[in-house]
Amino acid sequence: MREIKVWEKANKQKLIGLLFLFIMLSGCSLGTSAPNNQPPNKDNSGTAASGIVDPIPNKEAASSVDALNKPFRFLVMGDSRGSSNGINQVTLRALLTKVKGLNPLPEFLLFTGDQVVGGSDVGKQLGAWKNLVDDYFPMTSVYPALGNHEHDEVIFSDVFTQLPKEQLTGYRKTVYAFDYGNSRFITLNSDRKNEKGNYVIDKQQRDWLEDQLKTSGKQHVFVQFHVPAYPVGAHLGSSLDADSASRDALWALLDKYNVTAVLVGHEHNYNRRKVDSSFDDSGYHFQNTIYQLTIGGAGAPLYNGSKETKQVVVGPKASYHFMIVDVDGGKATFKAYDLQQNEIDSFTVER
């Protein structure tokens with residue numbers, strides 16, 4: 001009897017083994033369907049099987065191309081310092097209210113510097129400025145330049161934490177670049193001075209700038225900094241023009257790569273100046289026509305008059321203002337409006 005029980009036990013184990021093998025071969029496991037490793041197919045409704053699988057990688061590539069070619073709009077303002085927390089809050093809010101009524105809304109705001117008065121509580125002032133702009137959601141993507149009134153690079157970088165991390169060693173968040181659509185946007189620090197006390201954009205920045213220009217692969221490049229290369233009024237002789245050799249070396253790069261526009265502040269008005277070969281100096285020859293746009297009327301005391309008129313196409317206009325830029329393929333359309341929404345300038349650049 002004992003031998004029969006051993007034989008039955010052995011055969012039962014064999015039977016269980018055969019049954020398990022059968023289950024594995026048939027693609028079933030204890031009542032659970034075998035996993036389907038085939039990609040989902042779609043019919044005309046986009047849900048059921050037709051045998052044709054959508055090429056997802058190609059879809060993503062097409063989406064990227066669409067994003068690069070999609071028209072977009074951005075806003076430019078500058079110089080909003082005043083007496084309320086270091087800000088002219090009344091004027092800045094009035095301008096932003098006008099902008100918020102635009103259709104479509106700008107994707108982001110470039111600010112050409114001097115957001116606040118500055119001084120010992122510059123950090124508090126910049127925080128108040130940032131909070132003010134935040135009130136105008138969704139226009140809260142802000143890319144400012146360091147102005148001479150902000151001055152402190154550490155505090156500026158600590159307040160504007162959303163800016164790209166340090167891209168040029170030693171400059172924190174005051175020198176940076178980012179891409180949007182078919183364009184590259186570059187911000188430089190014009191607040192440093194040479195041994196004579198003159199504002200300069202030095203060789204270290206210029207080398208970094210050239211790398212950004214030659215590797216952009218973008219249809220448009222917009223460059224902003226606070227102190228003008230070619231001032232026309234109150235700051236003539238005390239801007240980047242005070243060190244003409246370094247200024248010309250800077251402009252030679254902008255000309256070499258034929259940037260779309262240069263955006264500055266510092267002089268509290270609006271003016272458009274055409275820089276071309278008539279500005280050749282320091283052994284440099286400029287081949288292209290590039291506009292320097294002074295956008296400095298977001299609340300700071302306005303400057304009247306002009307000491308320099310050479311190639312000044314529009315202005316200087318002593319009015320509070322903002323500029324809208326619409327980018328559509330190779331065309332960038334610039335329109336400046338005053339506080340009453342009167343158009344004070346309009347032009348197009350093609351690249």
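Which residue forms a salt bridge with Glu210? In this model, which is predicted, the partner of Glu210 is Lys256, and the closest N and O atoms of the two are 2.9 Å apart. Lys256 belongs to helix α7 (residues 244-256) and Glu210 to helix α6, so the salt bridge ties together parts of the chain that are 46 residues apart in sequence. Lys256 counts as exposed because its relative accessibility is 55%, and the cut-off for that class is over 50%.

Side chains of opposite charge can pair when their charged atoms come close. The structure holds nine salt bridges, and two others deserve a description beside the one already named. Helix α6, which spans residues 203-214, contains both Lys203 and Asp207. The side chains of Lys203 and Asp207 meet in a salt bridge with an N to O distance of 2.8 Å. Four residues separate Lys203 from Asp207, which is about one turn of the helix. Lys203 is exposed because its relative accessibility reaches 51%, whereas Asp207, at 42%, counts as partly exposed.

A further salt bridge joins Arg73 to Asp326, with the closest N and O atoms 2.7 Å apart. This pair links distant parts of the chain, since Arg73 lies in strand β1 (residues 72-77) and Asp326 in strand β12 (residues 321-328), 253 residues apart. How accessible is Arg73, buried or exposed? Arg73 is buried, because its relative accessible area is 14% and buried means under 20%. Its partner Asp326 has a relative accessibility of 25% and therefore counts as partly exposed.

The next residue to consider is Asp114, a charged residue without such a partner. Asp114 is found in the loop between β3 (109-111) and α4 (122-134). With a relative accessible area of 2%, Asp114 is buried, yet Asp114 has no salt bridge. Why does Arg81 not form a salt bridge with Asp114? Arg81 has the nearest side chain of opposite charge, but that side chain is 4.2 Å away, and a salt bridge requires the nitrogen and the carboxyl oxygen to be within 4 Å, so the pair does not qualify. A polar atom of the Asp114 side chain does lie 3.2 Å from the backbone nitrogen of Asn148.

The backbone of Asp114 is also notable in its phi angle, which is near 55°, a positive value in a residue other than glycine. Asn85 likewise has a positive phi, near 55°, and is not a glycine. Asn85 lies in the loop between β2 (81-84) and α3. At 41% relative accessibility, Asn85 counts as partly exposed.

Two peptide bonds that precede proline can be described next. The bond from Asn103 to Pro104 is cis, with omega near 5°, and Pro104 is found in the loop between α3 (89-100) and β3. Gly315 and Pro316 are also joined by a cis peptide bond, for which omega is about 0°. Pro316 has its place in strand β11, made up of residues 312-317.

Strand β14 (residues 343-350) is the place of Thr348. Thr348 and Phe334 are 14 residues apart in sequence, and their C-alpha atoms are 6.1 Å apart in space. Thr348 counts as partly exposed because its relative accessibility is 41%.

The last topic is the empty space inside the model. Rolling a probe the size of a water molecule over the atoms shows where empty space is left. The structure holds one cavity of 30 Å³ or more, and about 30 Å³ of space lies in the largest cavity. Which residues line the largest cavity? The lining consists of Leu75, Pro106, Glu107, Phe108, Leu109 and Met139. By class, this lining has five nonpolar residues, no polar residue and one charged residue. Glu107 is the charged member, because Glu counts as charged.

Definitions and conventions
Residues are numbered from 1 along each chain as its sequence is written. This is a predicted model: local features need pLDDT of at least 70, side-chain atom pairs count only at pLDDT 80 or more; totals for chains, interfaces and linings use all residues. Side-chain values use heavy atoms; hydrogens and water are left out. On a 1 Å grid over the protein atoms alone, a cavity is a set of points where a 1.4 Å probe fits but cannot get out, and a pocket is an open set with protein on both sides within 12 Å along at least five of seven lines; lining residues have an atom within 4 Å of a point. Grid points are joined across faces, edges and corners, and a volume is the space filled by probe spheres set on the points. Helices (H or I, at least four residues) and strands (E, at least two) are DSSP runs, numbered from the N terminus. Buried means under 20% relative accessible area, exposed over 50%, partly exposed in between (1.4 Å probe, protein chains only). Lys and Arg count as positive and Asp and Glu as negative; His and the chain ends are not counted. A polar contact is a pair of N or O atoms within 3.5 Å; within protein, one must be able to donate a hydrogen and the other to accept it, and residues adjacent in sequence count only if both atoms are side-chain atoms.
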